[in-house]
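Dear colleague,

I am passing on the structure we spoke about, together with some notes on what turned up in it. Please look through the sequence and the coordinates first, and then read on.

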Amino acid sequence: MPHTLHSSHPVLSRPIVLVGLMGSGKSTVGRRLASRLHLPFVDADHEIEVAAGLSIPEIFARFGEGHFRDGERRVIARLIDGEPKVVATGGGAFMQDETRQLILDKATAVWLDADIEVLVDRVGRREGRPLLKDRDPHEALSELAAIRNPVYALAPIRVRSQPLPHDATVDAILRALNL
């Protein structure tokens with residue numbers, strides 16, 4: 001049954017920002033969610049790369065994480081300008097106090113929470129993840145989850161990202177948003 005969307009719905013009056021660990025499905029699920037809601041989709045990491053003219057691994061290598069996080073905050077502030085859209089953020093964005101406060105104040109944050117095994121399987125399919133470079137993915141993701149999950153839990157909405165078709169996660173987000 002298709003959802004009927006009303007522009008007066010409070011969730012649709014502001015951006016929906018997906019947060020969570022790498023591999024939780026923020027970009028893939030975000031694209032599908034945006035399509036279902038007839039909203040634009042924006043991947044913050046892609047926008048950062050376009051703005052910098054460099055890949056994220058190159059930004060980390062040349063300028064360090066601090067420089068990257070500063071640029072990330074500026075890009076996310078530009079993206080959550082009040083226009084309804086779906087925004088996928090990098091895994092570390094919500095960990096930064098200023099960036100997290102921007103997201104909580106100006107958007108609806110949705111935490112895509114996934115089991116470590118699911119994350120390991122998904123991140124193995126993609127290169128260019130600076131925080132996994134030369135590390136065992138299971139160990140690195142377990143450490144990141146221990147640090148980051150309590151902060152991701154500050155998002156008002158939590159949805160499990162499971163090893164199911166991505167549309168199942170999209171359906172769960174729509175239910176959580178009462179759409």
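Of the 179 residues of the protein chain, 47% count as buried, and please keep in mind throughout that this is a predicted model. The secondary structure comes to seven helices and five strands, which follow one another along the sequence in the pattern β-α-β-α-α-β-α-β-α-α-β-α. Among the contacts with a separation of 6 or more, 74% are accounted for by residues 24 or more positions apart.

The interior is perhaps the best place to begin. The largest nonpolar core has 36 residues, and the members that touch the most other members are V17, V19, I80, F94, I103, L141 and Y152. At least two residues of this core are supplied by each of strand 1 (16–19), helix 2, helix 3, helix 4 (97–106), strand 4 (108–113), helix 5 and helix 6, with the largest share, seven residues, coming from helix 3. Apart from this core lies another one, of 19 residues, which includes I16, L112, A172 and L174.

To take one of the core residues in more detail, I80 touches P15, V17, V87, L102, I103, K106 and A107, if residues up to four places away in sequence are not counted.

Helix 5 may also interest you. Within this helix (residues 116–123), the buried residues are I116, V118, L119, R122 and V123. These residues lie on the same side of helix 5, because they cover an arc of only 160 degrees around the axis. As general background, an α-helix has 3.6 residues a turn, so residues three or four places apart point the same way. The partners against which the buried residues of helix 5 pack are helix 6 (137–152) and helix 7 (166–176).

Finally, there is a pocket that you may wish to view on screen. The second largest pocket has a volume of about 170 Å³, and its lining is made up of I48, A51, A52, L54, I59, F63, H67, F68, G71, R74 and V75. Helix 2 (44–52) and helix 3 (56–79) each supply at least two residues of this lining, and the largest share, seven residues, comes from helix 3, the helix that also gives the largest share of the largest nonpolar core. By character, the lining residues of this pocket divide into eight nonpolar, two polar and one charged.

With best wishes

How values were computed: Residues numbered from 1 in each chain as written. Predicted model: local features only at pLDDT ≥ 70, side-chain atom pairs only at ≥ 80, totals over all residues. Heavy atoms only, no water. 1 Å grid on protein atoms, 1.4 Å probe; cavity = no way out; pocket = protein on both sides within 12 Å on 5 of 7 lines; lining within 4 Å. Points joined across faces, edges and corners; volume = space filled by probe spheres on them. Helix = DSSP H or I, 4+ residues; strand = E, 2+ residues; numbered from the N terminus. Nonpolar A, V, L, I, M, F, W, Y, C, P; charged D, E, K, R; others polar. Buried < 20%, exposed > 50% of the residue type's maximum accessible area, 1.4 Å probe, protein only. Arc of directions from axis to C-beta. Contact = heavy atoms within 4.5 Å. Core = buried A, V, L, I, M, F, W, Y, C linked by side-chain atoms within 4.5 Å.
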